[in-house]
Amino acid sequence: MAVSVDEAVATGPARDRTPSARRLGGRGRSVLEVVLLTVLAVVMLFPVLWMIETSIKENRDVYAIPAKFFNFTVTMDHFKDVFVAPGGGRSALSAAFLNSVLVAGVSTALATVLGVPAAWAYSRFSVKAKKDQLFFILSTRFMPPVVVVIPIFLMYRQVGLIDSKLGLILIYAAFNVPFTIWMMKGFVDEVPSEYEDAAMLDGYTRLQAFWRFTLPLLLPGIAATAVFALIFSWNEFVFAIFLTSSDGVRTAPPAIAGLIGGTTVDWGLVAAASLVFALPVLIFAYLVRKHLVAGVTLGAVRR
Amino acid sequence: MLVVTSMAACGGDEGTNASAPKAPATIPELTKDPLTLSFIWFDWPPAHALETFANAEYTKERPNVTIKVNTVPNANWHDAMFTQFAAHKTDFDIPILDSQHIGEAVTNGNILDITDFVKQNIEVDAYNPYLLAAYGQFPQAETGKRDENASLYGLPLLGDTWTMIYRKDLIGDTPPQTWDEMISVAEKCQTDNPGVSGLAFHQANGSDAAAVTYNTVNGVYGGNLWDAKSRKIEGVLNDAAGQEAMDVLVNKMKPLTAKGSGNWFIDEVNAAVAQGKACIAFNWIAASGALLDPKESTLGTTKEEILSKLGFATLPSQKTNLVPLGGMGMHVSAYSSEEKQAEALNFMKWFEQADIQKKWAAAGGVPARTDALESPEFLNAGPFNKVYADSVSRMRDMWNVPEYARLIDIENTNVNAALNGAKSPQDALNDIAKEQQAVLDSSSQKGGGGL
Amino acid sequence: MSDPVSLTTDHPGQAASATPPAPGRSRHLSDRWLAVAFISPALLLLLAMSVFPLLWALYLSFTDYSATRGGPAHFVWFGNYTAILASEQVHLRALTTLIYVVGAVTLQTVLGFTIAYLISRRTRGRGLLTTLFLIPMMLSPVVVGLFWRFMLDAQFGVINSMLGSLGLGQVEWLTRQQTALFSLIVVDTWQWTPFIMLIALAGLTAVPKYLYEAASIDRASEWFRFRTITLPLVWPLLLIAVLFRAIEAFRLFDLVYILTSGGPGVSTETLSFHVYKVAFLGFNTGTASAYGILMVLIVIILTQLYLRYLNKLKED
C-alpha cells in the first residue's frame, strides 16, 4: 500500500504526548518549525504565483522594474491568445494542445493494454528468469532520451514514422510499458490469487477468472498507473522536438518552447500557455494522490 | 548475427546520390488539383508575413494552391530541416535555408540544382550579383562575388543585414560614422543617462548570435574569417586584425552593455530598446519591425512618437565598411513530389518578378531585386529599409561549407565564453581558430568525428 | 541480480501467495501459454522500440556513419570509443555533469527531507501542504526552464528586482560560469525537491507510533529518537529516491537546452547536451552512438553498484 496524502493527515507521531516539563521549549521549537515550513512553502510556491501574475499582466507591466506585485492592470488577453490566433480562428498552440491530448491518450491506452496483462502474468506465474526480465524491463527506462532518439530516428526513417503521431505514440508507449508493468505488478500482488483459484474451482478458465474477478479489483490501480503514463507523455519534450516538425503533429511542449526566439518574447503568453498546459496534469495528480509515491518511482517504492 | 547484417543493409542503402539532383530547365505542367505548397522557416514576423502575402497574391495566379509556412523555434531551425533531410522525407517543399546552410544541403543532395531553371526563367541581371551568389551559389566564390560558371541552388527570399538603432533623444540625430566614434558616443551616453546602457547587441551562444557579432567587428577592423582557397583558418582568423577585433568587442564594447546581457539575442536586444534601456543597439533589420509597436514599447504611445526617439542607420565603418549578410534564400526539397517541385519552381519564378517583389516589399518583406530595392514601395515601408538598400554593396557572409553547423557552434560558444569572462579573449580566439581548423581537416580522422 | 523491489516494505505475507499451486498438468500448460500470450506483446514492443535501436546504435558506434551524409558506414572499430574517452572536451562535460548531479541531488535531498520532516510533525493542514509542495514536480521541464529563464533574467527578472529592493546588486544568474551552473542546480532542485519530500514523507509516516511512545516514556532525547527510530526507517527509502534522482539528473537535457543552452561558453554543457550537439549539429551519428552507449553503460554499472551497496546495507 502506498502512502496517501489523506492518510498523512490522519496519522502522525504522537507529538502532543510530550511531557509537560518540556512543553515550553517544545512550543518555541514548534513556532520555529512553522516559520521554517512557511518560508520553504513561500519559496517553493513563489514561481507558480509569479507565473499566474505574469499571465494576467499587460506586456508593458511584465518588464517593469522594480517588478509589480499588486498594482497592475489585469488582462485576460494572454489566455485568449492561447486559444485564438491573432487573425481569428484556432491558434497553433491550441492545435498543439489537441495533438498532445491525442498522442498522450492513445500511447497511454496502448501501454495499459500491453502492460497490465504482462504485469498480471509476471505476478501470477513462475516465469523463467523473472527477476532478470523485470530488471531488464526497468533498465530500458534508464537510457538518456537524447541517446535513444538517434537510433529511433534512423529506424523511423526506414519505416516512414518520422513526423507522425503514430511514431510518437509508439515511442511513448514503449517508455510507459516498463513503468506500467512495474507499478501494476504491485497492485496485482495485493489481490490474493485465491480469488482466481476459487473461480477456477467453479469451472471458470484462468483467463475468465482474470477477466471477471481480478481485473475489476485492479481498476483503481490501472487508473492510477494510466494517469502517471499520461503525465509522462504529456510533458515529454526530447522525442517530440527531434521526431516531429509540422504543426499537424507537434505536441504542446515544443510548441510552448517555440514561443521563444522570434523577435519579441511575449512572456505573458508563455505564462498563460504554461498554466493552461499544466492544469490537466495538476488535476490528474490530485486524482491519484494516493499512489503518488509508487507513481514517481516506477513502483519501486511502495512504502 | 542476422540482426547485424540487416542493420548494415539498412545503414548502407542511401547515399548513392552524393550531389544535388537537377531541377528541369522549364517548369513542367502544373496540376489543377488542390495543392498545398509548404515552406519551413523559424518563427518570426517575416514568416507570418510571407504566408499572408503568398496566400493573398500567389493564389490570384494559382487559385488551387494554398501556401503553408511551417515554423519551428529559432534554436531548432537547422536541426528541424536537416533531420528531415536526413530522413529523406520532408514535410516542406521549399526549405528556407540560412545562406551558410547551402553547402551542407548541396553536399548531401538535399536540395535541387536549379542552375538551368534560373538561366531559362529568372532575369539574373536585375539583381546585385552578390545577392544571387550569397543565397544560391555553391561553392561559395572566394571573392564573395558571383561566379557565372558555378551552380545555383536557391534564389533570394528575404534580404537582411544589421542596422544600428540609436536614441536620437539621447545622442542626437547624427549617427556615429566610425566604430571608435560609436563606442565613445555610447560611453558618454551611458555616463550621462544612469539606468541606460551604452550598447546592446547579440551575445547568446545559441544559433549564430555571438558569432555574427564577432564576425561583424572582425570585418570592420579588417580581419578575415578564413582563407577559402587554402582552407586555412588557423593564423588567418587569429591574426593581428582578428585579435584587435576581439579586443574591441570584449574590452571596449562589452563593458558598455547591460549586466547579464551575455545571453541576449534578437528578442532581448529588442526588449532593451523598447524599454528605453539602450543608447545604441544592433539588430537584424527583418526583426526590427517590432520596435515600432507601441504596445510593446515604453518609448511612445504612437509609432510617430517612437520614431522621434529612435533612429536607424547603416553600421559605422572603421578599417573597412563591411556589414554582416543575413537573410535567407528559397530552395527546393529533393524529397518533394514532382508535382510539388514543379509548383515550387513556379512559385519562385512568380516571386522574383519585378512587380511581385515590390508588393513583397510593401507587405513587410525585404526584396533582392535592385529595382525593388530602389522602389518607393520598399523605401517607404519601414524606417530601416533605406539602411538595407545602402548596405547591400557592403555585405560579407561566413563560410558556406558543409561543416558550417560545427564551425558556427565552435565560434559561438567561444565568443560567448569570452564575452562572459569564462575565457580570455585571446584564448577564445585561438581556440576558435584551432578547433575550426581541426573540423576542416578532420576528413582523414578515424573515429570520434564531431567531438 | 539486485532488485529494487526487494526494498519495498510491503506487508509481509502477500508475496508468499504470488504463485498458485500447480494443479493439473493440462492447466499448467495452459498457464504457461497464457503467460507467454500476456507477456510477449509487451516484450515485443520493448524489443522493437528499445532493444533493437540500442543494438543498432551499438553497431553504428563502431562506424563513422553519418545520418545526413549517407554513404556506406565504414568500420572504425573502437576508434570512436577511444576518441571519446581521450577527448578533453568530453572530460570537461563529464566534470560539469558530475558537479551538477552531486550538487543538485545533495541539495534536493537535504531540502526534501527537511520539508518532509517538518510536514510530518504538523497535525493539521498536512494534506494541503503536501499537495502544494508537489506542484513543481508535475510541470513540464519546458515550462520550468522557460519560466525560470524569465525570472532569472539579470535586467527584467523578478529575482534581481527583489534583490534590488533589498538593496543588493544585480546578479548575472545565467551568464557567469559559476552562477550559471549554480542556477541550473537551483532550478533542478526547485523542480525535484518535492520528489525526495514525497518519498521521505512516505517513510516518516510509516514509523509506527508506538516506537515514539516507548521512547518518550524512556525520556529519550529528541535527537536520540530521530537518530535511532526515524532515520533508520527512512534511510533505505531515501537512498532509493537519491538513486532515481541521480539517474534522471545524469540524463538531463531539456533544462539545459532551454535555460542556458550550455552557456556561458560551454560551462553548463552536460554530457547529454554534448551528445545532442555531436548528433545533430555535425550529424556524426557513429560518434554520437558510441557516446550514448558509454552513457548507458555508466548508468547501468553505477546503478548495479549502488543497489548492491544498498542491499548490503540492508543486510547489516
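The bend at a residue is the angle between axes fitted to the seven residues ending there and the seven starting there. With that in mind, the reader may turn to helix H10 of chain A in this predicted model. A kink of about 55° lies at A:Leu215 in H10(A), shortly before the proline A:Pro216. The end-to-end span of this helix may be considered alongside the kink. H10(A) covers residues 206-235, and although it has 30 residues, its end C-alpha atoms are only 38 Å apart. A straight helix at 1.5 Å a residue would reach 44 Å.

The rest of chain A provides the setting for this helix. Chain A has 14 helices and 0 strands, and from the N terminus on every one of its elements is therefore written as α. Of the 303 residues in chain A, 51% are buried. Among its contacts between residues at least 6 apart in sequence, 75% join residues at least 24 apart. One loop of the chain, between helix H5 (92-124) and helix H6 (130-139), contains A:Ala129. The phi of A:Ala129 is near 50°, a positive value in a residue other than glycine. A:Ala129 has 10 other C-beta atoms within 10 Å, so it is classed as exposed.

Chain B includes strands, and S6(B) is a useful place to begin. Is strand S6 of chain B buried or exposed? All 13 of the 13 residues of this strand, residues 155-167, are buried, so the strand is largely enclosed by the rest of the structure. Its pairings can be followed one by one. With strand S10 (residues 323-330) of chain B, S6(B) pairs in the antiparallel sense over 6 bridges, and B:Leu158 has B:Met328 in S10(B) as its bridge partner. Another 5 bridges join S6(B) to strand S8 (residues 278-284), again antiparallel; here B:Tyr166 is matched with B:Ile280. Strand S9 (residues 310-313) pairs with S6(B) in the antiparallel sense over 4 bridges, and the partner of B:Arg167 in S9(B) is B:Leu310.

Two loops of chain B also deserve attention. A cis peptide bond, with omega about -5°, joins B:Phe138 and B:Pro139, and B:Pro139 lies in the loop between strand S4 (137-138) and strand S5 (151-152). B:His88, in the loop between H3 and strand S3 (94-98) of chain B, has a positive phi of about 55° although it is not a glycine. With 17 C-beta neighbours inside 10 Å, B:His88 counts as partly exposed. Most residues other than glycine have a negative phi, and most peptide bonds are trans. Chain C also has a cis peptide bond, from C:Gly263 to C:Pro264, with omega near 0°.

The chains also meet one another. The contact between chains A and B takes 29 residues from chain B and 22 residues from chain A. On the side of chain B, the largest share, 5 residues, comes from H3(B). That side divides into 14 nonpolar, 9 polar and 6 charged residues. Between chains C and A, 94 residues of chain C are in contact with 97 residues of chain A. Helix H1 (residues 25-60) of chain C gives the most to the chain C side, with 16 residues, and that side divides into 62 nonpolar, 23 polar and 9 charged residues.

Finally, the largest nonpolar core has 340 residues, and those with the most contacts inside it include A:Ile256, B:Ala281 and C:Leu198. Helix H8 (residues 165-190) of chain A gives the most to this core, with 16 residues. Leaving aside neighbours within four places in sequence, C:Leu198 is in contact with A:Leu292, A:Val293, A:Val296 and C:Leu134.

Definitions and conventions:
Residues numbered from 1 in each chain as written. Chains lettered and ligands numbered in written order. Predicted model: local features only at pLDDT ≥ 70, side-chain atom pairs only at ≥ 80, totals over all residues. Buried ≥ 20, exposed ≤ 12 C-beta atoms within 10 Å, placed from the backbone. Pairing = 2+ DSSP bridges. Core = buried A, V, L, I, M, F, W, Y, C linked by C-beta atoms within 7 Å. Contact = placed C-beta atoms within 7 Å. Nonpolar A, V, L, I, M, F, W, Y, C, P; charged D, E, K, R; others polar. Expected span 1.5 Å × (residues − 1).
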